[in-house]
Every structure is written in C-alpha cells, then in structure tokens.
Amino acid sequence: MVNKKVKINETIHDFDENLTIIQACEISGIQIPRFCYHERLSIAGNCRMCLVEVVGGPPKPTASCAMQLKDLRPGPNGEPPQVLTNSEMVENARKGVMEFLLINHPLDCPICDQGGECDLQDQAMSFGLGKSRYTEDKRTVEDYDLGPLVETHMTRCISCTRCVRFTTEVAGIDQMGQTGRGEDSEIVTYLSNTLDSELQGNIIDLCPVGALTSKPYAFTARPWELQKTETIDVMDGTGCNIRVDSKGNRVMRITPRENHLVNEEWISDKSRFVWDGIRVQRLDTPFKKVEGNLIPTSWEDALSIASETMRCGNTSFVAGDLVSVETLYTATKLSEYLGGTKVLGDLDTSGPLNGRSFYVGNGKIEDLDKTKNIILLGTNPRKEASVVNARIRKAWINGANVYRLGVKETLTYDVNELGNTFFDLQIFLDKMGSKKSFWTDTIFLVGYSFLNNRSADVALNTVRSYVEKFKSKFLIIHPNASAVGSLDLGFETDVKVKQNVMKETKTIYNLGCDTLEVGKGSFVIYQGSHGDKGAGSADLILPSACYLEEDGIFVNTEGRIQYARKAIQPPGKAKENWRILRAISEKLGYIPNWQDLNGLRGALFDDFPLISEPGKIIMVPWETAEKQKKLGSKVPLKAYIKDYYLSNCICRASKTMGNLARARNSLNLKKAS
C-alpha cells in the first residue's frame, strides 16, 4: 500500500493512493452527495452529483467517485494536491445537476413509498434550487412487470443504473439493462422478463428514488410510523443482520443491516418478504387430541397432560430448524432431569459429529473474499445460503476457481464439475495430489447433501485430513438457523442412534420440527408457532412465539453467536418457548435456578462458554482427523432443499413465498419445454 498526502478543503490527510476522492472524503468525515455511486458496486460515474473541484486540475468539476487519488497532480512547488468540496464552482455544479435530474421527475412525493427516506428528496433540499425553471411537458415512461416482489414506477427513474449493476454483478442475472440515449434512455428488462434471483429485493434498497419499491409493502405505512427493531434472520443458517419495521403489533417490512463479516448489506428474498407468513396459520391456543380430533384446551390442562405423559415414559426432545439456543438449553436441562435423549431433526449423519471442528470447521464467511479455490461438496449455496452464494460469485469474478461435487443445479458462476459421488471426489483428490500451492489457498464448503449420505463419515474424515495437512479452510453450510446451536448443546445426528430413539421412545417432544416421521405408539407433544406438518401429527399442541416474537440467541453456520430481538408480541395465548418448557419442568418437580431470560442466559453461558460472547466466533481446538481412507462409494448425492421458497413453516404460510414458488415452477416448466 502506497500512501499519498492530499489536501481536502483546508486540511491535509494521508491516504492510500488507490482510494477514490469520494472514499477519501468519507474517511475524513466529509459527506459527498451521490446517486449512482455505491461502495459494493462498480463505478458508473453517470449521475454527476458527486462533483468536486480539483485545484490545478481539470478546468471543470470532477466526478469524485471515478478519480483515484494517485491521478491527482501535486502543486507547482510539490504541494499536496487540493480537493475542494464546498467551493462556488462545486455548489453551482450540484445545483445544475439537481435541476436536470428534476426536469422530468414527477411531483408525486405524497403518494410515493420512498417518501421520507428518499435520497433525491434529501439532496434536493440540501443542494437544489428553491423552484423549477422548467415549464415544458414532462417525459413519462411505461412501467413493466418484474414479478411479485418489486413494483416499478419508471417515470421516477434517474438512470443511476444501481439496479442494473447489482443484478449483473452481485445477483448474477442479465435481465436488466439500459437502452436509448439522452432523454430517451430508460431502464428495461430483456424481452420483458421478470427477475429470476433469490436476491432481487435488494434493488429496492439500492434505488435512491421511488422507481423500484416493494410490492407487498406498497401503500401500507410511512417510515415515520414504524417501530424499528434490529435483529437476526433465521430463514437459513447464515444469520443475516436485519431490521424489522412494525406498526402496532404487525410486521410491515424487513430490511437488511450492514455486517461485512456476515451478509455485507444484502439479504435474500426469503428473509425480506417472509413477514406476511408470520400472522397466517398461527397456533394461538393449546390443543389436545380427543378421539382423533384436535380440540382447544386451557394452558393448565395442556401442561398437566404434558407433564403426566413425560413422567410416565422415556422422552425424546427433537429440535426443529427455527429454535433459539435458550429454548434448546431449557430442553437440555429437562432432558437431563428425565434421563431422556435429544436429537436434531433435520440432519442425519452416518456417524457422530464429535467436536465443533466437525460441524463448524475453521473457516469464516469472510474467508471467501481472499481465497483462490472454492470446493462445494454436496451444497447448493444459491438455495441453502443465498447471501453466501453472492460472496462466492464475488470471489469468482475476482479470479477464484469453483469446483462442485453434487447435483448439477444452476448457480450464478461457472463451476468445474467433479461428479456426484464420493468415488468422484476421490478421483479429484488423487488428481490434485499434494499440490501444496492449490490446497493452502482452498476452502471446502460442505452441505447437508454431503453429510446425509450413508458414507459421509469416511468422506468427511478424508476432507478434514486434507484441511489438517495443508492448513486449508473448512466450513459447513447449515441451511437451518438452529443447527449449530443444537449441535453445540449435544443434540444427536447419528442416523442409527436417531432410529433407535424413535422406535423406543414413548413420548416425543417436538420443538418445531416439521420433517419428523413418527412411529405408531408414540405420544407427540408439538411446541411451535404455525399449524404445519408437525402440528398435524401431534397429540398435544403447545402454541409458542416465532422468531420475531421473543428474544433469543442463534449461532450461525460459521459458529458466530448473535442476538435476535423481540419485535412484536405473540398472538392469542401463545407463549415464549423457554417459558413453556420451564412451566412443564415445574410440573415435573424440576425447578431451574433461574426465573427470567437473563438468569437463563447466565446459566447457559456458565455451562456452554462457546455461546457466551455475542457477535464473535469462539475458536476451538481442531479435532485430529483419523487415518485417511479411500472413498469408493458410488451412491449419488441428493439435493437437500427441493423447494427454496417453501423450506419452513413460516415460508409455507406466506402468500408471497407461495407466489414466488409458483412463478419459479412456471419458469422451470418453460425452460424444460
């Protein structure tokens, strides 16, 4: 890194010469207005709002987003180059640019969903003229259909091209572009296609005006009416940082929060638009099964039935995919008291996962930014971790090689296919041999399609031996938010153990697992938020809060501990998950030594220090791999997620997710024909 002295206004700074002027100004605390510039997209330089004056440089104002500091010339006597951000030339230039941008812009701020949080409004107030001198007719542009998520009002468009650059560079689709010149230029879609991406909703946030807005949120609320809660998404195992905007006790929208270590500033469409499924098909009162029918009952009766059933026979606790660590810990303590067992419902391994380096690894999501080789083993990141998939695409654009073992599915980057069996993996390992230069700059991303295979224990050990030998990186892609927390607390995944447990267990306490297959003779207690598949097979239903209705801790796919915050109240008689389990514990005679959530967390942190530092990944020693064995299995891997938009109970209750699933199926049928 080479530094360069630059004078910004009247102060001299020392910056990396590769920075652009706008970046240097940001670092020095000077805000430069902009529309087209975005830190995570390529430079366009077409809005001209970020103009500054370079003293001794070009006679005209300079676009600060497109000029690097190393291109600035020093003064005649070697003085540091000077940039002025508030000179008369700059002020006049900004006023002129703003006047041109507003020539054809409609005066519909009162009915625009962007009103109150619009960059154009803010900058027009700060840098624009008091009134318009334009008296001619304004230009109008026809709107087009982008699908069920993004609503278009293209007359408002200022051609910043952020949406085009995002869909092309980050989302990996080429369905948007700009046509025409001058007054006739407009953003359009190729052959009027709708967008086919799991990240398309991010163009709503990127649009600096009201040209692209949210269809499900349209005309429902104003920004100043909303209560904002910063929390964590649980639609996959990435743990994206989100903000939930609610009005009264109703969620109105979900938007991303920036966290470069996890999701940068993107979220998937499932994370953004699933909120309409929160209120639908809810369990809001306890139910018990009488003569084959579920009938409502009181909490006192339901807790009595649950405690009597659990007291009479051995009990197994089954963890679902949306369960907080506090709930899992409460279930763990109750299981220890009863002498029961704990299993993870959505992961079946061919052997035990004996340590954290087996189910988390030594890699981080941010490692993808600087690796040269990415090996996907039985995972489709586009479906299982959409934001991580965008990061892989960024690495691929920067020159990384991507290899894939597993089902051939459409990704947003080129891949080198290795095959679909562990035998194919062995061929690849033999081919690469001991090429240290290859392996030391490699990260393995392992998915559930790999782990759910019957020979996965041998294959996983082989991969770990390469990681250990060459100091490679290794990361499990968990598609479910509660998976790592469950494994940290000792929930079992070995398929043989789980089968024996299900056969011998008289009482199954189901914590929101909708994939559970229950044998005959078992009494099933279902604790969950939605009346979905799991509730349909239950003998007793205990209604609980969902992830936006209670505080909780979740551990993401890389082992990072994060707090989810309560945004709204649970409906009807539904209760927080840990409170339900504590009430049953008291009925059974086991009285925990904590009364509230803070006390529960204190006990949790004492018993499991791995989960004691929010926002961090607590690294653990690497468990030594066993002696490497040759892989001979030719059993093909199978896709883990079959329908991306309907992967959990909240998604299946969401009207928007249903529309997306139908649109995706229709698109796939067209491609097939």
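This is a short exchange about how labels are given to parts of a predicted model.

Reader: What makes E417 partly exposed?
Author: Its relative accessible area is 34%. Buried means under 20%, and exposed means over 50%. E417, at 34%, is in between, so partly exposed is the label.

Reader: Where is E417 found?
Author: E417 is found in strand β19, residues 416-419.

Reader: Which residues is E417 in contact with, leaving aside its neighbours within four places in sequence?
Author: E417 is in contact with R404 and K408. Contact here means heavy atoms within 4.5 Å.

Reader: Why is the link between the side chains of E417 and R404 called a polar contact?
Author: The distance is 2.4 Å. The cut-off is a pair of N or O atoms within 3.5 Å, where one can donate a hydrogen and the other accept it. The E417 and R404 pair, at 2.4 Å, is within that limit, so it counts as a polar contact.

Reader: How far apart are the C-alpha atoms of E417 and T656?
Author: They are separated by 34 Å. Along the chain, E417 and T656 are 239 residues apart.

Reader: What makes β10 and β12 edge strands?
Author: Start with the sheet. It is open, has 3 strands, and runs in the order β10-β11-β12 with antiparallel pairing. β10 (227-232) and β12 (250-256) each have a single partner strand, so one side of each has no neighbour in the sheet. From one strand to the next, the twist averages 30°.

Reader: How do you know that β11 and β12 pair?
Author: Count the bridges. Pairing needs at least two. Strand β11, residues 241-247, shares 6 bridges with β12, so the two count as paired, in the antiparallel sense. R243 stands opposite T255 in β12.

Reader: Why is strand β23 said to be largely enclosed?
Author: Strand β23 covers residues 523-528, and 5 of its 6 residues are buried, so the rest of the structure largely encloses it.

Reader: Which strands does β23 pair with, in the parallel sense?
Author: One is β22, residues 507-511, over 5 bridges. Another is β24, residues 540-543, joined by 4 bridges. On the β22 side, N510 stands opposite Y526 in β23. On the β24 side, G528 stands opposite P543.

Reader: What makes up the largest nonpolar core?
Author: That core has 91 residues. Those with the most contacts inside it are I21, F166, I203, I254, Y547 and I650. Helix α4, residues 162-171, gives the largest share, 5 residues. As for I650, its contacts include M235, V274, L322 and Y547. Apart from this core lies another, of 73 residues, with V325, L344, I553 and L637 among them.

Reader: How many disulfides does the structure hold?
Author: It holds 0.

Reader: How do you know that C118 is in no disulfide?
Author: The nearest cysteine sulfur, that of C112, is 6.3 Å away. A disulfide needs the sulfur atoms within 2.5 Å. The 6.3 Å gap fails that test, so C118 is in no disulfide.

Reader: Why is C513 without a bond to C649?
Author: C649 holds the closest cysteine sulfur to that of C513, but it is 10 Å away, too far for a bond.

Reader: Are C118 and C513 buried or exposed?
Author: C118 has a relative accessible area of 7%. C513 has 1% relative accessibility. The cut-off for buried is under 20%, so both count as buried.

Conventions:
Residues numbered from 1 in each chain as written. Predicted model: local features only at pLDDT ≥ 70, side-chain atom pairs only at ≥ 80, totals over all residues. Heavy atoms only, no water. Axes fitted to C-alpha atoms, helices over the stretch in contact; angles between N-to-C directions. Buried < 20%, exposed > 50% of the residue type's maximum accessible area, 1.4 Å probe, protein only. Core = buried A, V, L, I, M, F, W, Y, C linked by side-chain atoms within 4.5 Å.
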